[in-house]
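Me: I should like a close look at a single part of this structure. Please describe that part and its surroundings in one connected account.

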Amino acid sequence: MKSTGERIRAKVEKEAQILKKLEKGRLEKFVLVACMRVLKQHNAFCWWQNTGAFRVDNRFFRSSIAGVSDIIGVLSDGRFIAVECKRENGGIISPRQHQFLQSVRECNGFALVIHDEKQLEIFLKLHGY
């Protein structure tokens, strides 16, 4: 049986861990879901682009190109959009993600790094969507 002091220390440590998570803001997956909702509200044809790699026997397969954004889509006027979602406080893009976004921009598409769906809403309003 734990002493009162041990129970209090355990409770304080648990609360500290919860506060640490809250300081980082919403996780990327929640930002991604909110961005999908915003794009759908603007009549965009978009999807969550799962990425990854796997091995079958002695062969290695990639499910997508390296660095592809979390959300890929086409806006109502036909313009391509790529949205890389990151957690609210922090989250940086990798060199391959940067390269992918730059390639989209070079082809006159929209390439965004979003930490909050409000950023996406503002961007779409500024561009007339």
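Reply: Helix 2 and helix 4 cross in a right-handed sense, that is, with the near helix turned clockwise from the far one by less than a right angle. The model is a predicted one, in which local features need pLDDT of at least 70 and side-chain atom pairs count only at pLDDT 80 or more, while totals for chains, interfaces and linings use all residues. Residues are numbered from 1 along each chain as its sequence is written, and side-chain values use heavy atoms, with hydrogens and water left out.

The two helices pack at an angle of about 25°, and their axes are 9 Å apart; axes are lines fitted to C-alpha atoms, for helices over the stretch in contact, and angles run from 0 to 180 degrees between N-to-C directions. Helix 2 is therefore roughly parallel to helix 4 (an angle under 35 degrees). On the side of helix 2, the contact (heavy atoms within 4.5 Å) is made by A34, C35, V38 and L39. Helix 4 contributes E117, L120, E121 and L124.

Helix 2 itself covers residues 28–41, which makes 14 residues. From its first C-alpha to its last, helix 2 reaches 20 Å, close to the 20 Å expected at 1.5 Å a residue (1.5 Å times one less than the number of residues). After helix 2 comes N43, whose phi is positive, near 60°. Helices (H or I, at least four residues) and strands (E, at least two) are DSSP runs numbered from the N terminus.

The buried residues of helix 2 are V31, L32, A34, C35, M36, V38 and L39 (buried: under 20% relative accessible area; exposed: over 50%; partly exposed: in between; 1.4 Å probe, protein chains only). Thus A34, C35, V38 and L39 are both buried and part of the contact with helix 4. The cover over the buried residues of helix 2 includes helix 4 (117–126) together with strand 1 (45–48), strand 4 (71–74), strand 5 (80–85) and strand 6 (110–114).

Those strands make up an open sheet of 4 strands in the order 1-4-5-6, with mixed pairing (two strands pair if DSSP finds at least two bridges between them). Strand 1 and strand 6 are at the edges with a single partner strand each, so one side of each has no neighbour in the sheet. Neighbouring strands of the sheet are turned by 15° against each other on average, direction ignored.

Within the sheet, strand 4 and strand 5 are antiparallel and share 4 bridges. G73 has I81 in strand 5 as its bridge partner. Strand 5 and strand 6 run parallel and are joined by 5 bridges, and V83 is set opposite L112 in strand 6. Of the 5 residues in strand 6, 4 are buried, leaving this strand mostly covered. Helix 4 lies across strand 5 and strand 6, and its direction is about 150° to that of strand 6.

In the wider setting, the protein chain has 4 helices and 6 strands, which follow one another from the N terminus as α-α-β-β-β-β-β-α-β-α. Buried residues account for 32% of the 129 residues. Of the contacts between residues at least 6 apart in sequence, 58% join residues at least 24 apart.

Notes
Parallel < 35°, antiparallel > 145°, perpendicular 65-115°, else oblique.
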